[in-house]
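Me: I should be grateful for a close look at a single part of this structure, followed outward into its surroundings. Please keep to one connected account.

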Amino acid sequence: MTTIRLKGGRVYDPANGVDGEVRDIGIRDGRIVALHAQDKVDAEYNLTGCVVMAGGIDLHTHIGGGKVNLARMMLPEDHRLNRPRDSLLELASNGCCTPGTLETGYRYAQMGYTAAFEPAMLASNARQAHMEMGDTPILDHGAYVMLGNEELFLEMLARGEDPQRIRDYVGWAIGASKAMGVKVVNPGGISAFKFNQRKLDVDEDHVHWQVTPRQVVHSLARALSELGVPHPLHIHASNLGVAGNIESTLATIDALEGLPGHLTHIQFHSYGREGPKKFSSAARQLVERVNAAPNVSIDVGQIIFGQTVTASGDTMRQFANAELGNPRKYVGGDIECDAGCGVVPFRYREQSYVNALQWAIGLEIFLLMDDPWRVVLTTDHPNGGPFTSYPHLIKLLMDKRFRDEQLARLHPDVAAMADLREIRRELSLYEIAIMTRAAPARLLGLTDRGQLGIGAAADIAVYREEADREAMFVTPEYVFKDGLLVARKGRIEAVPVGGTHFVEADYDPAIEKTVEAWADRHASISYRHMKIGTDELCSCSNGGALLACKVHGRGRPL
């Protein structure tokens, strides 16, 4: 039984209402405990001058699955030329844009993050995705299964199946793939692309199935609500990256009809058509609607200037963007009539009007949101930029002078089409702790993560307080994972195996006969192999701890 005292740090723990109080934190056997001054401890850390937060949680980051491996292969020069000098590894997969599994775990831990969640796991590729995440050290992990474009679901929706049957199918898919929730990408649009349809708006019929994205979004959101899955439907809306797509985004919010929904990488869906270039910021319009809709949460998908590679399940939009690739490469794929993927290398440029405006729109959304509990800090790694840019993004949000300096370097027309210069708000450490810790934990139903209360998991990041917030958040003084010191001033001290979070949803097992009959007719994977057992997750994690976030019975989350 190991007991540790973290003494005299300034604690920011929004889940428990602690805003910069100097206090001690006790750790025993991987959990936070109350310690008295006279209690003996095995180790004590003097944290005077330090800021203490829960370990960071990345709610949306592409770190596992087939498209991520394709993205890694697309830029061999990134891995060859950009291996960090302090990397512990002499491996081929060390790049900045999409580092390999080992380097991903190390770099997240070196920034103070202790959990990361893959947002787009194909059901037919779930086993591989879990194995890949299991190979990512230190981090707790999980994934959202992609639904809404697979042929069986669309067929059920098209023939007007009872919503309870669709709910049972969703519950089966979550359980079979050991998912944390459900992601819908371009609702119906990935499937429509296979039928040579090049766009699909919210109330436009799928050319073959004659269903609309509105129907897809509402039926999935209803199913998750009835199943009691903690995380709302994770929505990649229609018309990603298209000028004027704010109308589609607002229509998608309406499609929820008050049901919980999480709109992801919302920056890419907040574009107007104002101005001479017919491309403008619709951030205020988006935020006004989200502020007025308590059922809706968002993450931003902030872009960061420089080279990256975009990897998305949205085959329709990635095909349209293929000509913009830098370097000029493109991969598109489809798996088992589930969904698809498109991978396009891309370089965001400061002197590009479109890219510069995208940068400004993301920051506007962060700074205009009234409720920090409903907005999560992301770059949609690697699509908007690598996750290693989070400290830079935090500085942009906390330092207006720095933000204005960066804005002055951009395409000169951007300031006229965005409101960023007029926004004076600077986020506080308390708000940063919400957006990077407490809010994603709450949205995922992780009751013992993202907080520092008694009984919580001892996932803790300690930062030396500095005026330069980027320097402060780049390299924590200490990072603890389940009470074990894993990083000290950027040096990895231990490499534990992270746990796998998933949901067990209660559904009528009779739906399995429908899935089996469909698989027998159309799938190359045997129905017997579709379900992933919990013993397999332990194997994926090399025998590490298995963390199960379970839902027992419909509508009754544990």
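Reply: A remark on contacts across the whole chain may serve as the starting point. In this predicted model, among contacts in the protein chain between residues at least 6 apart in sequence, 75% join residues at least 24 apart. The chain holds 19 helices and 22 strands, and 63% of its 558 residues count as buried. Its C-alpha trace spans about 70 × 55 × 45 Å along the principal axes. The radius of gyration is 22 Å, which agrees with the value near 24 Å that a compact globule of 558 residues would have.

The part chosen for the close look is K67, together with the elements around this residue. K67 belongs to helix α1, which covers residues 66-74. With a relative accessible area of 7%, K67 is buried, since the cut-off for that class is under 20%. Beyond its neighbours within four places in sequence, K67 is in contact with H62, E118, A120, A311, S312, G313, C341 and V343. A further spatial relation links K67 to A129: the two residues are 62 apart along the chain, and their C-alpha atoms are separated by 9.9 Å.

Several of these partners can be placed in strands. Among the contacts of K67 are A311 and S312, and the range 306-312 is that of strand β15. C341 and V343 are also in contact with K67, and strand β17 comprises residues 339-348. E118 and A120 are further contacts of K67, and strand β7 comprises residues 113-121.

The strands β15 and β17 belong to an open sheet of three strands, ordered β15-β17-β16 and paired in antiparallel fashion. Its edge strands are β15 and β16 (331-335), each of which pairs on one side only. From one strand to the next, the twist averages 15 degrees. Between β16 and β17, which run antiparallel, there are five bridges; G332 has G342 of β17 as its bridge partner. Helix α1 lies across β15, β16 and β17, and runs at about 35 degrees to β17. In the loop that leads from α11 (315-321) to β16 lies P327. The peptide bond between N326 and P327 is cis, with omega about 0 degrees.

Strand β7 leads to another sheet. Eight strands make up this open sheet, in the order β6-β7-β8-β9-β10-β11-β14-β18 and with parallel pairing. At the edges stand β6 (56-58) and β18 (375-376); each has a single partner strand, so one side of each is left without a neighbour in the sheet. β7 and β8 run parallel and are joined by five bridges, and A116 has H141 as its bridge partner in β8. Seven of the seven residues of β8 are buried. Further along the order, three bridges connect β11 (residues 261-263) with β14 (residues 296-299), again in parallel. Within β14, V296 stands opposite G261. Helix α16 (residues 429-444) lies across β6, β7, β8 (140-146), β11, β14 and β18, at about 55 degrees to β6.

Loops that adjoin strands of the eight-stranded sheet contain some backbone features of note. N239 is situated in the loop between β10 (233-236) and α9 (246-255). Its phi is near 60 degrees, a positive value in a residue other than glycine, and N239 is buried at a relative accessible area of 15%. D380 occupies the loop between β18 and α13. Phi of D380 is likewise positive, near 55 degrees, and D380 counts as buried at 3% relative accessibility. P382 also lies in the loop between β18 and α13 (390-398). H381 and P382 are joined by a cis peptide bond, with omega about -5 degrees.

A helix pair completes the account. Helices α10 (residues 283-291) and α12 (residues 353-368) pack at an angle of about 30 degrees, their axes being 9 Å apart. Their crossing is right-handed. On the α10 side the contact is made by A283, R284, V287 and N291, and on the α12 side by I361, E364, I365 and L368. Of the residues in this contact, five are nonpolar, one is polar and two are charged.

To return to the starting point, K67 is a buried residue of helix α1, and this helix lies across the three strands β15, β16 and β17.

Notes: Residues are numbered from 1 along each chain as its sequence is written. This is a predicted model: local features need pLDDT of at least 70, side-chain atom pairs count only at pLDDT 80 or more; totals for chains, interfaces and linings use all residues. Side-chain values use heavy atoms; hydrogens and water are left out. Two strands pair if DSSP finds at least two bridges between them. Helices (H or I, at least four residues) and strands (E, at least two) are DSSP runs, numbered from the N terminus. Axes are lines fitted to C-alpha atoms, for helices over the stretch in contact, and angles run from 0 to 180 degrees between N-to-C directions. Contact means heavy atoms within 4.5 Å. A crossing is left-handed if the near helix is turned anticlockwise from the far one by less than a right angle, and right-handed if clockwise. Ala, Val, Leu, Ile, Met, Phe, Trp, Tyr, Cys and Pro count as nonpolar, Asp, Glu, Lys and Arg as charged, and the others, Gly among them, as polar. The radius of gyration is taken over C-alpha atoms; the globule rule is 2.2 Å times the number of residues to the power 0.38. Buried means under 20% relative accessible area, exposed over 50%, partly exposed in between (1.4 Å probe, protein chains only).
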